[in-house]
Amino acid sequence: MEQFLINPDCMVYDNHPVTLTGEPFHYCPGCGHGVIHKVLMEVVRDLGIQEEVIGVAPVGCSVFAYHYMNVDMQEAAHGRASAVATAIKRVRPQNYVFSYQGDGDLAAIGTAETIHTVNRGENILMVFVNNAIYGMTGGQMAPTSLIGMKTATSPYGRDAASMGNPIKITELLAQLPGAYYVARHAVHTPNAVRKLTKAFKNAFEYQKLNRGTCFIEVVSNCPSGWKMSPVQSIDWIEKNMLPMFPLGDIKVPDPKTGDPVMVKNN
Amino acid sequence: MEKQELKGKEIKLMKGNEALAEAAIRAGLDAYFGYPITPQSEVMEYLTENIPLRRGLVLQAESEVASINMVYGAAGAGARVMTSSSSPGMSLMQEGISYIASAQLPCLLVNVMRGGPGLGTIQPSQGDYFQAVKGGGHGDYKLFTLAPSTVQEMVDFVFEGFKMAEKYRVPAMLLADGALGQMMEKVELPAEGQFPHVIPEWATTGKKEGRKQNVITSLFIQPEKMEQINLDLQAKYKAMEIEVKSESINTEDADLILVAFGLVARICMKAAELAREKGIKVGVIRPITLFPFPTEVLNTTADRIKKFLVVEMNAGQMVEDVRLSINGKADVQFYGRMGGMIPNPEEILTKLESMMK
């Protein structure tokens, strides 16, 4: 007898879009990566652009993104996804190109490539998954780790004086003229997932305009690295991550002119 | 600039770096990514001036780290792509080159060597021989390495480099030096558009209906798989040995052989001429491909001739491969200058005379 654990009406994403390979995710229980992969690939399916999309995977927990995303992909060296994506888009401007990176990859080792890719206004989508920790290597301090946050390399808590502050790279990038659409989303509630879906859709549609870089940060969790249950990690996002990394649009195209404008309060 | 039309070919007087850049355009270059560094900045300058009027794209990256990873991305997307740099910049690229070798992407890398270590000097050197032919980055891999000794070869080896890179799916390296990059010589340039490039079926071009996704990666986490990839790479490097090239000059009657690559080989030819004027029969062997290395020709020459002198603009790097090739059959000595100093024929002659005493 078939039994639904989840009422199909309550599903916020399709479990089996053709744009996923069907390979089971290797991610830890409760991790946001699986949802982000599914949402991204669902949008690729809905827009009917599977044949045109080329993705770039990072080094980090999502290093095997190409095992799951059923599109042509390249695996980049640590931090270099946006340089790789730049070149792919330059030699194949008719394709849709996205990069997918974590916080250590994008905002620490790859900071130079990240800033210059956006500054050149490369017509790509950059997906930035921020879970404030190095997950794959075992929970070390990341550039976005919060002050006081305990990690494997900040066992007494992150101390700003000796370890620096969490970097709000998304706000920083939004200042660059090359940035066309910049937003921060999350995947910790069904509503947040729906908003992220819409943002990914916007970003691919904007890519057709050749107006600049679309950059979407996704605030996510790392139950294993944070040493929490999945439920606790969601609570922790609400209480600790979102005050530091508030959700919403940061820079969007003006509906009348199409020129990118900063959203108030950013 | 002299110019003469010859059935689509052209003869020009050109600087090495510019000739190389012009050759790349004529070889159907799709994309160039680079970062300025002396003594090869003219390559990107020439390309940015000429590519907009011809075909291809050129992008000045934020660093050599970025440019080599752009080469990875473009090569993985099926483009004919190159970068160029000089010694410190090539050091920055080594991580990316290792990834390119592992992912088996064809591309052309140009190192116009300058004196090191460190920031060193902008004068010519051959101090990056080991880095070029022994891998350079992490892991077991090789570059198809060509060593030009004239501005004409700066042109010819662009075509040869792309040809070998695409035939074997390996990065090819054109290993020049600051003098070759800066000096002017007469060159014959082949006609444009004679060197077609087909986008390979493995490239990431978008997953078309009916084919499996194409993935460019250097990550093979299962040791059994990673070992197999290594075995495949080694088999390929072995197969590349048929492409070995060297030049032997007046070796038939020689009592002593000079071995040198690149610019130094030309200086050795002059030294050999001076030696013959003094009655010392000297021949020259010039490795043209540094990987694959002309082991066979050196080994068989050592059956007849028992004295070899290797001359390099470094502390003695290729000499190790010459000794391995000759495998104890002959006396192999070394003479080198470093730090941007170029040996002259007379000082090589003095060394030759001391060996014949």
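Tutor: Before we look at any single element, note that a helix here is a DSSP run of H or I that holds at least four residues, with numbering from the N terminus. The model is predicted, and with that in mind we can turn to α3(B), which is followed by B:Gly78, a residue whose phi is positive, near 95°.

Student: How do you know that the length of α3(B) agrees with what its residues should span?

Tutor: The expected span is 1.5 Å times one less than the number of residues. For the 13 residues of α3(B) that rule gives 18 Å, and since the end C-alpha atoms are 18 Å apart, the two values agree.

Student: What makes α3(B) largely enclosed by the rest of the structure?

Tutor: A residue is buried if 20 or more other C-beta atoms lie within 10 Å of its own. In α3(B), 13 of the 13 residues meet that condition, and therefore the helix is described as largely enclosed.

Student: Which elements of chain B supply the side that touches chain A?

Tutor: Contact here requires C-beta atoms, placed from the backbone, to lie within 7 Å, and by that test 32 residues of chain B and 29 residues of chain A take part. On the side of chain B, at least two residues each come from β3 (31-34), β4 (57-60), α3 (64-76), α4 (87-103) and β10 (215-216). The largest share, 7 residues, is that of α3(B). By residue class, this side of chain B holds 14 nonpolar, 12 polar and 6 charged residues.

Student: Why is β10(B) said to pair with strand β2 of chain A?

Tutor: Two strands pair if DSSP finds at least two bridges between them. Strand β2 (residues 72-75) of chain A and β10(B) are joined by 2 bridges and run parallel, and thus they satisfy the criterion of at least two. Within this pairing, A:Met73 stands opposite B:Val215.

Student: What makes β15(B) largely enclosed, and which strands pair with β15(B)?

Tutor: Of the 6 residues in β15 (residues 307-312) of chain B, 5 are buried, so the strand is largely enclosed by the rest of the structure. Strand β12 (residues 256-259) of chain B pairs with β15(B) in the parallel sense over 3 bridges, with B:Val259 opposite B:Val310. Strand β16 (residues 331-336) of chain B also runs parallel to β15(B), joined by 6 bridges, and there B:Phe308 has B:Val332 as its bridge partner.

Student: Why is the unit of β15(B), helix α11 of chain B and β16(B) called right-handed?

Tutor: The word applies if, with the strands pointing away from the viewer, the path from the first strand over the helix to the second runs clockwise. The β-α-β unit made by β15(B), α11 (residues 318-326) of chain B and β16(B) is assigned that hand.

Student: How do you know that chain B is as compact as a globular protein of its length?

Tutor: Chain B contains 12 helices and 16 strands. Its radius of gyration is 21 Å, close to the 21 Å that the globule rule gives for 357 residues, which means that chain B is as compact as a globular protein of that length. Of those 357 residues, 53% count as buried.

Student: How do you know that chain A is as compact as a globular protein of its length?

Tutor: Chain A has 10 helices and 10 strands. The radius of gyration of chain A is 18 Å, close to the 18 Å given by the globule rule for 266 residues, so the same conclusion about a globular protein of that length holds. In chain A, 54% of the 266 residues count as buried.

Notes:
Residues numbered from 1 in each chain as written. Chains lettered and ligands numbered in written order. Predicted model: local features only at pLDDT ≥ 70, side-chain atom pairs only at ≥ 80, totals over all residues. Contact = placed C-beta atoms within 7 Å. Nonpolar A, V, L, I, M, F, W, Y, C, P; charged D, E, K, R; others polar. Rg over C-alpha atoms; globule rule 2.2 N^0.38 Å. Buried ≥ 20, exposed ≤ 12 C-beta atoms within 10 Å, placed from the backbone.
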